[in-house]
Structure formats: structure tokens, C-alpha cells
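Subject: Handing over the structure, with notes

Dear colleague,

I am passing this structure on to you, together with some notes on what was found in it. Please look at it once on your own before reading further.

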Protein chains: 2
Amino acid sequence: MRSIESDSATQEHQPDGSGSNNEATGGTAGKVYLIGAGPGDPELMTVKGLRYLRGADVVLYDRLINPDLLREARSDASLIYVGKGPGCHSMPQEQINTILVSQAQQGLTVARLKGGDPFVFGRGGEEALALVEAQIPFEIVPGITSAIAVPAYAGIPVTHRDYTTSFTVITGHKGRSASPAVNWRALADLGGTLIVLMGVKALPDVTRQLIEGGLDPATPAAVIQEGTTPQQRTVTGTVADIAQRAADAQLDSPALTIIGSVVNVGDALAHYISISGRTAE
Amino acid sequence: MRSIESDSATQEHQPDGSGSNNEATGGTAGKVYLIGAGPGDPELMTVKGLRYLRGADVVLYDRLINPDLLREARSDASLIYVGKGPGCHSMPQEQINTILVSQAQQGLTVARLKGGDPFVFGRGGEEALALVEAQIPFEIVPGITSAIAVPAYAGIPVTHRDYTTSFTVITGHKGRSASPAVNWRALADLGGTLIVLMGVKALPDVTRQLIEGGLDPATPAAVIQEGTTPQQRTVTGTVADIAQRAADAQLDSPALTIIGSVVNVGDALAHYISISGRTAE
């Protein structure tokens, strides 16, 4: 039986198709793998992502990367933390880009582990463009996004045939004025599932704007904290009361909110759910 | 070094927490794993999904499941095709549910391989509810959805910090009257990235309704056929002309369309992309 590890399609980005010899540095360039590490459960890493992680000379990782994944790196690999904690000084994106480029220019193979999927609000596009600019070969390895997997682990499908023909994932970037404002009225009108990747503190504002935009206050909603990990907690309610319920339950980051009729499907599945022996509330 | 395969969070659905003994059948029940097999590249399967696939007594699989994945099943495993081809007679969902239940009631371990993610327009919710109904233990293993990974393999991030705070994934279910109609005006107003999981034949209608709903006809768009496989092909244009361009290039199913400014990021990355030695257009 063939192993899929040795027999899969590959996706490689080579500057101008010229192979791995980097004329800009006069030497052999390394390569960077932008890898989605998934939402928390380390076994939700892809086979391809794990293969590249195990082969890397250098691993750059974010704050929410599961330590079990880091143990998969080679024992002689360099581990570089580039995470940003809430309220802490954070490493500027430009500095992360510089490390990626400089490590690769030394001929090293770099695994850049990003939580979830690199292209879902993960600034993977910015890192990819920096690598293009520096003529560094790279490859993108998609990951399981928390936007879909965290509800799944709480028993909530983001789509269900009788209810939904669309789902929307939104986030907020309050620190950056270039981001367009969210059109809450359009979100309310759309009527599909809504997944909000913002902290619990944003919930009163988010739900108020959705209701002002015309969303039925009785629309089911759930907040899930630390989804796919043994610490997962879920609180359910409606758009009208979910912010208060989440506050009462003292839910905290990382958390996401899912809004829509699919939350009712989750109710039907809820008593079947346990994670590492615990019942998710 | 520990292996993540033996040291991860687990997510198990047990009827009433009563373990695997199924009183309804008077014997030891099997278990069903609803596994997302990813978008095409077999190495985009998760570590967890591959582990369950390799351990299964029975494998139920859809039309677009990569044959390399099926080779990972045990040599004595039963492989059951339950796929639906376009224009062909298809197995009713109720029959698939019945097979899942009956195999598990015989005490077998069943891997249900579904393309992409089980809960993204995959009717995984319906299968999960059927298992709840029959009191069969089951587990959901998220998969990489084509909605995100296919654009990634074409160099297009579904979000990019300067452009987007949201993305929406839509599909069509013309055969089922219960599905709500898509609100094209709300989609146009929302302004984020739009990913359309419909066939190329639907594109003239989709783009016309988006433009009538107010979307700028100059909005960048791309159609990607057989994404993440060696046969991947990409055509780019605008909402105004992408349907004609896709038709001219004779793109066919399976394909998806991505609409939004992020397609421009893809232009910057496009000449870096090759798959199995081929340049994606």
C-alpha cells in the first residue's frame, strides 16, 4: 500500500520557476512553509503540515500553537516565538516577515506555524507577499480554521441543508483604520449562519448592532471558549441575551460566537458531546 | 518525543455517556467517524482523520474522494461507494444514513469520508442527527474545506488585512424548495470576500444577480477548477466578464468562484505558483 505522504500533489512557489538557487543572496536559498496548525486539537493538523514541521530547521510559532505540535519539531530545530498576547507588547508583523526572510536566506527550511488557517484573518497574505518580494521560495499549507471546527466540536454544523445556503465569518481589527467597517445591516439581511471571531468583550456591541440592523433578537446563538481543547466550554442563548449569558458564565478569550438556526441542530446533538471525558456545558 | 497521534484531545459522542454498549441492539455497537477528507490533495487530510480511516472496518466514500486516500484503508476493510454524480442516479441521503446505522449496529467501526468538511454544505448534520436518533456513538472530524484551500492553492487568500473583515461562502440547492433564496443585494452590500460553491453553469446567473444587487462590475473574480489537484486551472477577470472567460476557457466542475479585492493579492503571487511542475495558467 502506498503512503499518501510520498504520493501527493505538491504546491510549490518558486521565484520565476528558477529552482531553489537564490541569486539575490549568492547562495542556496531555504524555503518557507506557511502552515495552518488548526484550531487547538493538535491532531487537526494536516498530514502535509506535520511532514513539513518535522523536517524544518527553524519553527516560528504563535501564541495559541499547541505545545504538543512543537514537540514534533526536530530536536535540533530552532523554535522562535513570535506570538502576540492581548495587552502585551507584540512583535510587529514587519519583524516577523524579516525573520522569515533572513532565516530562509541562510539556506534554512522554515516552518511558520499559524493558528487555524494562514489565510483566514491570519496575515498569511502579508507574509507571502514579503516572501515574494525577497524572492524566497515558499509553500502554503492550509489548516483547519477554528471558524468551522470549533462549532463542529460543540456539535453545531455551520451549515444545515434545511436552514442555510450561506455562512459568513467576520472579525474586527480595531487597531487598524484601513479596515472597512462591518456592514451589520447587510449581515442581518443575509440570513445565513454568522460566525464572529471577536472576543467576548465585543459581544454586547456586536449583538446590539445586528439587532439594530434588523436581525431577529430570538435568533439562536452560542459562544464557545477554547474550542477543540479539553477546556472547551459552550454557552447558548439568543442574540438578545447571549452577551449577558457569556458574561455571567465568565467566558473569556479565545472564544468565538456562532449565530443562526444551526445552533438548534447543536441542541439536538449537545448531550452526545464530551471532550476528554468532560461534558461541554 | 511524544507522538501527537497518541496524545491529543479527543471528541467523542456517546449516547447519554453510557459508553459503547448499545442497548437498542442488545450488542456492542460500533462507532461512526464523520471525517472531512479535504479538498483533493490527499495530504490535506488531518492526522486524526487518517488515523480513523486506517482503523476502520468499513469506509463509506463520496465521488470526489481521492483514490490515494482509499488506499490508506485496511486491506480487509469494506469500501462502499455512496457518491452522487451530476446527472446520474444518486443514492438518497436516507439510504446513506441507513447504511451508516446498520454497519455500526453490527459492531463495526465506520469511517464516513466526505469531501472537504462534513459540516460545510456536506449534509454532515443530517448524518449526525440520524446517528443520534439510532443511538450510535459517533465523532466528527473536521476537514479542510475547499472554500478556503482551493483559493489558497491558487495563491488567493480569502482574507487580507487591508481589504477584508469578512468572507461569505454560498452554495445553491435548486433541487430542494426548503432552502431559502440567496439575498444577492445583501451579499453585494456586505463587501467582503465572496466564495461561490456552484458550478460554472450557474456563473452567468450569479454574476448578473450580484451586479443587479449593486456589486461593482469591476470587482476582481477568479474561477478555479479542480483546485489542489494536479489538474488545477485558474481563470481570472471581473464580476462583469468572469462567466464568459470561464466559458471560453471551457472550465467545468468541480469548480469554485472567488470574488473580491483579494483576487488582486493572488495576481501578485500568481507567477510563483506551480502544482506538480505545472504552472497554474
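Which residue just after helix 4 of chain A takes a positive phi? That residue is Gln135(A), whose phi is about 55 degrees. Before going on, please keep in mind that this is a predicted model.

Helix 4 of chain A, residues 124-133, is a good place to begin, since Gln135(A) comes just after this helix. The helix is mostly covered, with eight of its 10 residues buried. Those buried residues are Gly124(A), Gly125(A), Glu126(A), Glu127(A), Ala128(A), Ala130(A), Leu131(A) and Val132(A).

Helix 4 of chain A also packs against helix 3 of chain A, which spans residues 93-105, at an angle of about 45 degrees and with the two axes 10 Å apart. At that angle, helix 3 of chain A is therefore oblique to helix 4 of chain A. The crossing of helix 3 over helix 4 in chain A is right-handed. On the side of helix 3 of chain A, the residues that meet the other helix are Gln93(A), Ile96(A), Asn97(A), Leu100(A) and Val101(A), and on the side of helix 4 of chain A they are Glu126(A), Glu127(A), Ala130(A) and Leu131(A). Glu126(A), Glu127(A), Ala130(A) and Leu131(A) are also among the buried residues of helix 4 of chain A.

Next, the strands. In chain A, strand 5 (residues 58-61) is covered on both faces, for Val58(A) and Leu60(A) on one side and Val59(A) and Tyr61(A) on the other are all buried. Strand 5 of chain A runs parallel to strand 6 of chain A (residues 78-81), to which four bridges join it, and it also runs parallel to strand 7 of chain A (residues 109-114), again with four bridges. Tyr61(A) may serve as a landmark here: its bridge partner in strand 6 of chain A is Tyr81(A), and its bridge partner in strand 7 of chain A is Leu113(A).

In chain B, strand 5 (residues 58-61) has Val58(B) and Leu60(B) pointing one way and Val59(B) and Tyr61(B) the other way, and all are buried. Strand 5 of chain B pairs in the parallel sense with strand 6 of chain B (residues 78-81) over four bridges, and four bridges likewise join strand 5 of chain B to strand 7 of chain B, these two strands also running parallel. If you take Val58(B) as the landmark in this chain, you will find Ser78(B) opposite it in strand 6 of chain B, while its bridge partner in strand 7 of chain B is Val110(B).

Some residues are in contact with the other chain. Thr145(A) is found in the loop between strand 8 (138-141) and helix 5 (146-153) of chain A, and it counts as buried because its relative accessibility is 6%. Leaving out residues up to four places away in sequence, Thr145(A) touches Gly116(A), Asp117(A) and Val120(A) in chain A and Ile148(B) in chain B. Thr145(B), for its part, lies in the loop between strand 8 (138-141) and helix 5 (146-153) of chain B, and at 6% relative accessibility it is buried. Apart from neighbours within four places in sequence, Thr145(B) is in contact with Gly116(B), Asp117(B) and Val120(B) in chain B and with Ile148(A) in chain A.

Val141(A) belongs to strand 8 of chain A, and with a relative accessibility of 0% it counts as buried. Not counting residues up to four places away in sequence, Val141(A) touches several residues of chain A, including Leu34(A), Ile35(A), Thr46(A), Tyr52(A) and Pro118(A), and also Leu44(B) of chain B. The C-alpha atom of Val141(A) is separated by 32 Å from that of Lys201(A), which is 60 residues apart from it along the chain.

Finally, the aromatic rings. Over all chains, the structure holds six aromatic pairs. One of them is formed by Phe167(A) and Phe121(B), a tilted pair with 6.1 Å from centre to centre and 40 degrees between the planes. Phe167(A) lies in strand 9 of chain A (residues 166-171), whereas Phe121(B) lies in the loop between strand 7 (109-114) and helix 4 (124-133) of chain B, so this pair joins two chains. Phe167(A) is buried, at 1% relative accessibility, and Phe121(B), at 17%, counts as buried as well.

With best regards

Methods: Residues are numbered from 1 along each chain as its sequence is written. Chains are lettered from A and ligands numbered from 1 in the order in which they are written. This is a predicted model: local features need pLDDT of at least 70, side-chain atom pairs count only at pLDDT 80 or more; totals for chains, interfaces and linings use all residues. Side-chain values use heavy atoms; hydrogens and water are left out. Rings of Phe, Tyr and Trp (its six-membered ring) pair if their centres lie within 6.5 Å; planes under 30 degrees apart count as stacked, over 60 as edge-to-face and the rest as tilted. Buried means under 20% relative accessible area, exposed over 50%, partly exposed in between (1.4 Å probe, protein chains only). Two strands pair if DSSP finds at least two bridges between them. Axes are lines fitted to C-alpha atoms, for helices over the stretch in contact, and angles run from 0 to 180 degrees between N-to-C directions. Angles under 35 degrees count as roughly parallel, over 145 as roughly antiparallel, 65 to 115 as roughly perpendicular and the rest as oblique. A crossing is left-handed if the near helix is turned anticlockwise from the far one by less than a right angle, and right-handed if clockwise. Contact means heavy atoms within 4.5 Å.
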